[in-house]
Amino acid sequence: MGKRTVRKSSRPAPLSADRVRKGWPGPAQTRIRLARSEDTDAVDALLDTAGVQLIPALRDAIEDGTAASTLLSGLDGTTSTFFRTTARSFAEQPTAQAMSGVSLTLVAAGQEDQVLGVLSVTAPGTIIEKAIEQGYEVPKALTLGVAIAKVHGLAVADTARGQGIAAALLKRAWQVYEQLNYFVLYGSYENGRDLEAFYTRCGYTVLPAGEGFTLERVGVPFGIHAGPNECVFSRWRPRR
């Protein structure tokens, strides 16, 4: 009788909170890991080259060890427990603190643990504010923070560019949010920056400058808008 062919799953092994904290081997002898308190100055300096900085409440959360806490607890539990934990945190904590719990800041650390790359993904503050303006009750608007995540900033040091670090940071962040059943990860960049090919290779759809997309798939009656010189990119979880 012939050997049975075992089909390998295309889905990666589930992540644990410990894996995200400790990280993964990255390109150019880096390690992709969760940002730590000692990283914040270097992270801000690097993000500044991309025209942004850490959201102040998120910086505070990284420094006191509570950043991404809700995400991490979700990785070690189930989707249901993640939703319940998030709902409780939004009900019991100040909004900025609760949003830091579902925000993820990853760094690419070099051999001497220096920060060579950073990706900061946050709760979709603008979308939540717009939902409230549209008449959503605050608790309902905040639940969008467990369906949608935004790339706040992505930057790599000049000396480390061209080695795949930015793509590795995006890959690991996507694994976290996809495992927690987020619907979409999105962001934007200025039209003058030649980034369409990069985001396309990383699995994102890049829209022409000034175009946005709807959020009908998450039951939201409005969408993401872009300025005339802004390009929006997005990656949706495959339909199941």
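Trainee: Buried or exposed: which word describes Asp 39?

Mentor: Relative accessible area decides the matter: with a 1.4 Å probe and protein chains only, a residue is buried under 20%, exposed over 50%, and partly exposed in between. Asp 39 is buried, its relative accessible area being 3%. Please note that this is a predicted model, in which local features need pLDDT of at least 70 and side-chain atom pairs count only at pLDDT 80 or more, while totals for chains, interfaces and linings use all residues. Residues are numbered from 1 along each chain as its sequence is written, and side-chain values use heavy atoms, with hydrogens and water left out.

Trainee: With which residue does Asp 39 form a salt bridge?

Mentor: The term requires a side-chain nitrogen of Lys or Arg within 4 Å of a carboxyl oxygen of Asp or Glu. The partner of Asp 39 is Arg 33, and their closest N and O atoms are 2.8 Å apart. Arg 33 is also buried, at 1% relative accessibility. Arg 33 and Asp 39 belong to a network of salt bridges that also links Arg 36 and Asp 113.

Trainee: How many salt bridges does the count come to?

Mentor: The rule gives 8 salt bridges.

Trainee: Which residue meets Asp 44 in a salt bridge?

Mentor: The side chain of Asp 44 meets that of Arg 59, at 2.6 Å from N to O. This pair links distant parts of the chain, for Asp 44 is in helix H2 (residues 40-48) and Arg 59 is in helix H3, 15 residues apart. Helices here are DSSP runs of H or I with at least four residues, strands are runs of E with at least two, and both are numbered from the N terminus. Asp 44 counts as buried, at 10% relative accessibility.

Arg 59 also forms a salt bridge with Glu 63, at 3.3 Å from N to O. Glu 63 and Arg 59 are 4 residues apart in helix H3, so about one helical turn separates them. Glu 63 is partly exposed, with a relative accessible area of 37%.

Trainee: How many disulfides does a search of the whole structure find?

Mentor: A disulfide is a pair of cysteine sulfur atoms within 2.5 Å. The search finds 0. Cys 202 is in no disulfide, and the nearest cysteine sulfur, that of Cys 231, is 16 Å away. Cys 231 is not bonded to Cys 202 because 16 Å between the sulfurs is too far for a bond. Both cysteines are buried: Cys 202 has a relative accessible area of 16%, and Cys 231 has 5%.

Trainee: In what order do the strands of the open sheet stand?

Mentor: Strands of a sheet pair through backbone hydrogen bonds, either parallel or antiparallel. Two strands are taken as paired if DSSP finds at least two bridges between them. Here 8 strands form an open sheet in the order E1-E2-E3-E4-E5-E6-E10-E7, with mixed pairing. Strand E1 (24-25) and E7 stand at the edges; each has a single partner strand, so one side of each lacks a neighbour in the sheet.

At one edge, E1 and strand E2 (residues 31-34) run antiparallel and are joined by 2 bridges, with Trp 24 partnered by Ile 32 in E2. E6 and E10 are antiparallel and are joined by 7 bridges; Glu 190 stands opposite Glu 230 in E10. At the other edge, strand E7 (residues 205-206) is joined to E10 by 2 bridges, again antiparallel, and Thr 205 has Ser 234 in E10 as its bridge partner. Val 206 lies in strand E7 and is buried, at 14% relative accessible area.

Trainee: How much space lies in the largest pocket?

Mentor: Rolling a probe the size of a water molecule over the atoms shows where empty space is left. On a 1 Å grid over the protein atoms alone, a 1.4 Å probe must fit; a pocket is an open set of points with protein on both sides within 12 Å along at least five of seven lines, and lining residues have an atom within 4 Å of a point. Volume is the space filled by probe spheres set on the points, which are joined across faces, edges and corners. The largest pocket holds about 880 Å³. Its lining has 40 residues, of which Ala 50, Val 52, His 152, Gly 153 and Leu 154 are the closest to the centre.

Trainee: Which strand supplies the largest share of the lining?

Mentor: E5 does, with 7 residues. Among the other elements that supply at least two residues each are helix H3 (56-64), helix H9 (165-179) and strand E6 (184-190).
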